[in-house]
Amino acid sequence: MTGKTENKKGYKKTKLGWIPDDWEVVKLSSICQKIIGGGTPSTLNNDFWKGNIPWISSSDINNYGNINIRKYISQKAIDNSATNIIPSGSVIVVTRVGLGKVALSDFDLCTSQDFQSIIVNNNFVINKYLKLCISNLIDRIINNCQGSTIKGITKDQISNLDLLLPKKVEQEKIAEILSTWDDGIETLEKLIKKKEIQHKALMKILLKGIIKFSKKWAHSKLNKIFERLTRKNEKQNINILTISAQNGLISQEDYYYKRIASVDTSKYILLKRGEFAYNKSYSKGYPFGAIKRLDLYEEGVVSSLYICFKSKTSDICSDFWKYYFEAGLLDREIKMIAQEGARNHGLLNIIAEDFFNILLYYPENIEEQQKIAETLNNSEKEIELLNSKLKKLKKQKKGLMQKLLTGQIRVKV
């Protein structure tokens, strides 16, 4: 490292920069017993999957290194496949599908071929500290990954990693400090998840009229309140939009970091802020497609495959309808009008006329619409504030980890 530690008393210059005098630069292979891969037993032999030995694939580890055991194999499976028993305390790294996740095993287990597992030599390094080191370097490793379609981290890449190694007592202290941050982050994530569940329940209660502020609720067709938009992109607006579950209607450039639309967008539909678009294709969490309102930009264009619409009058609460559509309250009606033959290239076969004849159930009184929207807005803002806090906490932890693992900040031991 350069900067504050350069030429500083108590620090020395190495190939990895300036580090504390009592730290070492070591190859990972020199401080572990061995690095071994895994394998998947044949799915055709049922006896292989009737054992009591935990076996994991990359999907069984989340982004925070938590392991979820869903399958067990037998000793016979181990004897007849490339998988190995990984002892408790090993650091396991996802090296293929799900690339970059790092975990610490608290029990003996076996892994699929998507892993390399590091069996730690406790004479040199504490496993919790080694996991932190690899987690800190993982992005750099991935940038040097091999493979054109499916990239992968090789055993040699892991073996040849250069690590900074303090004394074990300092390793322990660093791991303890960062573990406290992880606990705080995990607690906040659980709170956010709880709030999100509560928010969805609140949407269901208020938007379905299970709890009402008044009795003036009515049934009417969607075309009574909204009208279809077929406004062509005659001015060649270049803000091509796509639907994202988290961000709504968002620019392709912002979402994919590139443009994927066709060159000629003159037949695309021009949307203005506050107008809606329905993407008829399935996406996660939206089995019958997603309806989103344009909020992020003044204007943008979408494919003509989208069904676009706007309110007929200003005498509605747009936020109410944003939540109404987001809650999936049209799914039942859409399922009824979707024609047989399932999907065409992932798109539901829905005629626009049928879509606008969908029956809605809603409060006629705009004041009630506004009350519902205000309640849901407040609930959503609370979640946004918590997510903002979480983002800052993760950024602070990442910065602290970088400084602790390079000796820029020393801990008292």
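Which residues does Leu130 touch, not counting residues up to four places away in sequence? I shall return to this after an overview of the chain.

The model before you is predicted. Its chain comprises ten helices and 23 strands. The radius of gyration is 27 Å, whereas the globule rule gives 22 Å for 413 residues, so the chain is more spread out than a compact globule. Along the principal axes, the C-alpha atoms fill a box of roughly 75 × 60 × 50 Å.

Turning to burial and contacts, 45% of the 413 residues count as buried. The chain exposes about 23000 Å², and carbon and sulfur atoms supply 49% of that area. Of the contacts between residues at least 6 apart in sequence, 72% join residues at least 24 apart. As for charge, there are 65 positive and 45 negative side chains, and the centres of these two sets lie 2 Å apart.

I come now to the interior. The largest nonpolar core has 38 residues, and Leu28, Ile118, Tyr129, Leu130, Ile134 and Leu163 are those with the most contacts inside it. Elements that each supply at least two residues of this core include strand S4 (32-37), strand S10 (115-120), helix H4 (168-207) and helix H10 (366-404). Helix H2 gives the most, with eight residues.

To answer the opening question, Leu130 touches Leu28, Val91, Ile118, Val120, Val125 and Leu163, with residues up to four places away in sequence left out of the count.

Apart from this core lies another, of 35 residues; among them are Leu207, Trp217, Phe320 and Ala352. In soluble globular proteins, nonpolar side chains tend to be buried together.

Technical notes. Residues are numbered from 1 along each chain as its sequence is written. This is a predicted model: local features need pLDDT of at least 70, side-chain atom pairs count only at pLDDT 80 or more; totals for chains, interfaces and linings use all residues. Side-chain values use heavy atoms; hydrogens and water are left out. Helices (H or I, at least four residues) and strands (E, at least two) are DSSP runs, numbered from the N terminus. The radius of gyration is taken over C-alpha atoms; the globule rule is 2.2 Å times the number of residues to the power 0.38. Buried means under 20% relative accessible area, exposed over 50%, partly exposed in between (1.4 Å probe, protein chains only). Contact means heavy atoms within 4.5 Å. Accessible areas come from the Shrake-Rupley method with a 1.4 Å probe; for residues, only the protein chains shown count as cover. Lys and Arg count as positive and Asp and Glu as negative; His and the chain ends are not counted. The place of a charge is taken as NZ of Lys, CZ of Arg, CG of Asp or CD of Glu. A nonpolar core is a set of buried Ala, Val, Leu, Ile, Met, Phe, Trp, Tyr and Cys residues joined through side-chain atoms within 4.5 Å.
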